[in-house]
Amino acid sequence: MAYKTVLEMIGNTPLMRLDFGTKPTLLAKLEYLNPGGSIKDRCALYMIEEAEREGKLKPGGTIVEASSGNQGISLAMIGKIKGYRVIITAPDRTAPEKLAVLKAYGAEVHVCPNTDTHDDPRNYHTFAEYMARTIPGAYMPNQYFNKANPQAHYLSTGPEIWEQTEGTVTHVICGAGSCGTMSGIGRALKERNPAIKIIGVDAATSMYSSKEPKAYNVEGLGIDVISDTFDQKVVDEILPITDADAFNMVRKLSLQYGYLYGISTGAVMHIALEYAKNLTEKDVVVVIFADSGRNYLSKVFGYEIKKAEVSAIQGAPVPTHVISE
Ligand code: PMP
């Protein structure tokens, strides 16, 4: 069987056993294997197709979204396949690799200052909303307020986890940004077994976790907008992560174990390994590996990709890029 488009390959990601010597079984849901490289393919596709069904997005239309990267990348990929113009606003904390990927998919990218709150008109959400209001035929999925976002995980990610663990899952730990992932997974799993615990990981200085919110450097997670996409009934705990703990775990996972995954994965793994200390052999913990570490080579590892200053030896292949520390 051959797929008709890459869109049919979104979802149904594998579950991988992690051996970190913990008492509970630790299983990673490998969301970076989605075609756009992250878990956000799932909700991007569902939000776009809902908008098409509802007539909010018409042929020749424009998709505008505020995204610290992955939601934008998924929308840029899906938008290109479906023939829409895509405009993405991103905060300037966004890793340059992600901005480059957005451009490679042909999206128009606006990088906005990393403001402390959304009240600032230069904030990337505020600017995206302004563009969606003023560009004719524009549609803003607005992942932070769109019920189709958690619904995508309610319909796909949650049931997949249930089936792949044959109903034995006891805990799910995932990053919390728009809160769509944990809310959708939570609703799906608690319908099947209300005892399953859903744990979200938030940036320690987000609007939600801190009395004095401050800009942070972790990406993907961070609850700065509290809206209906956050279904508090199905989430048991939200635990804070610092930039340092998340970044250190990303480096450790890659350098010691060969798992090159993203910042929210580092954050989730740091929390999961702490959390696992209070669990037993009977517990089955699913952790969400939301994207790949290749998005963060400069930001987390400090690798700068630049053009090599190598002169060609006659007839030999010319290396065009080097990585320097
Ligand atoms: N991890 C990564 C890498 C992400 O891109 C996102 C989405 N911003 C999340 C976690 C959090 O997912 P959600 O928005 O569903 O809460």
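## Helix 5

In this predicted model, helix 5 bends at Tyr154 by about 35 degrees. The helix covers residues 148-164, and its 17 residues should span 24 Å at 1.5 Å a residue. The C-alpha atoms at its ends are 23 Å apart, which agrees with that expectation. After the helix comes Glu166, which has a positive phi, near 50 degrees.

Helix 5 is mostly covered, with twelve of its 17 residues buried. Among them are Ala148, Asn149, Pro150 and Ala152, and the bend residue Tyr154 is also one of the buried residues. Others in the buried set include His153, Ser156, Thr157, Gly158, Pro159 and Ile161. What do the buried residues of helix 5 pack against? Their partners are two helices, helix 1 (40-53) and helix 6 (180-192), together with two strands, strand 2 (25-30) and strand 10 (284-289).

## Glu160

Glu160 is a residue of helix 5. Is Glu160 buried or exposed? Its relative accessible area is 9%, under the 20% cut-off, so Glu160 counts as buried.

Leaving aside residues up to four places away in sequence, Glu160 touches Gly11, Asn12, Thr13, Lys29 and Arg42. Tyr3 is 157 residues from Glu160 in sequence, and the C-alpha atoms of Glu160 and Tyr3 are 20 Å apart in space.

## The six-stranded sheet

Six strands make up an open sheet with mixed pairing, in the order 1-2-10-7-8-9. Its edges are strand 1 (15-18) and strand 9 (237-241). Each of these has a single partner strand, so one side of each is left without a neighbour in the sheet. From one strand to the next, the twist averages 25 degrees.

Within this sheet, strand 7 (residues 171-175) and strand 10 run parallel and are joined by three bridges. Which residue of strand 10 is the bridge partner of Val172? The partner is Val286. Helix 5 packs on the sheet and touches strand 1, strand 2 and strand 10. The direction of helix 5 makes about 140 degrees with that of strand 2.

## The four-stranded sheet

A further open sheet is formed by four strands in the order 5-4-3-6, with parallel pairing. Strand 5 (108-112) and strand 6 (138-139) are the edge strands, and each pairs on one side only. Helix 3 (residues 96-104) packs on this sheet, in contact with strand 4 and strand 5. Its direction makes about 155 degrees with that of strand 5.

Strand 3 (residues 62-66) pairs with strand 4 (residues 85-91) in the parallel sense, over five bridges. Two residue pairs illustrate the register: Glu65 has Ile88 of strand 4 as its bridge partner, and Ala66 has Thr89 of strand 4. Why can strand 4 be called largely enclosed by the rest of the structure? Six of its seven residues are buried, so the description applies.

## Gln71

Gln71 is found in helix 2 (residues 70-82). Its relative accessibility is 2%, below the 20% limit, and therefore Gln71 counts as buried.

Which residues does Gln71 touch, not counting those up to four places away in sequence? They are Lys40, Cys43, Ala44, Met47, Glu65 and Gln143. One of these contacts, Glu65, is the residue with Ile88 as its bridge partner in strand 4.

## Cysteines

A search of the whole structure finds zero disulfides. Cys174 is in no disulfide, and the nearest cysteine sulfur is that of Cys179, 8.8 Å away. For Cys179 the closest cysteine sulfur is in turn that of Cys174. Why is there no bond between Cys179 and Cys174? A disulfide requires sulfur atoms within 2.5 Å, and the 8.8 Å separation is therefore too far for a bond.

Both cysteines also have a computed accessibility. Cys174 is buried, with a relative accessible area of 1%, and Cys179 is buried as well, with a relative accessible area of 2%.

Key:
Residues are numbered from 1 along each chain as its sequence is written. This is a predicted model: local features need pLDDT of at least 70, side-chain atom pairs count only at pLDDT 80 or more; totals for chains, interfaces and linings use all residues. Side-chain values use heavy atoms; hydrogens and water are left out. The expected span of a helix is 1.5 Å times one less than its number of residues. The bend at a residue is the angle between axes fitted to the seven residues ending there and the seven starting there. Buried means under 20% relative accessible area, exposed over 50%, partly exposed in between (1.4 Å probe, protein chains only). Contact means heavy atoms within 4.5 Å. Two strands pair if DSSP finds at least two bridges between them. Axes are lines fitted to C-alpha atoms, for helices over the stretch in contact, and angles run from 0 to 180 degrees between N-to-C directions.
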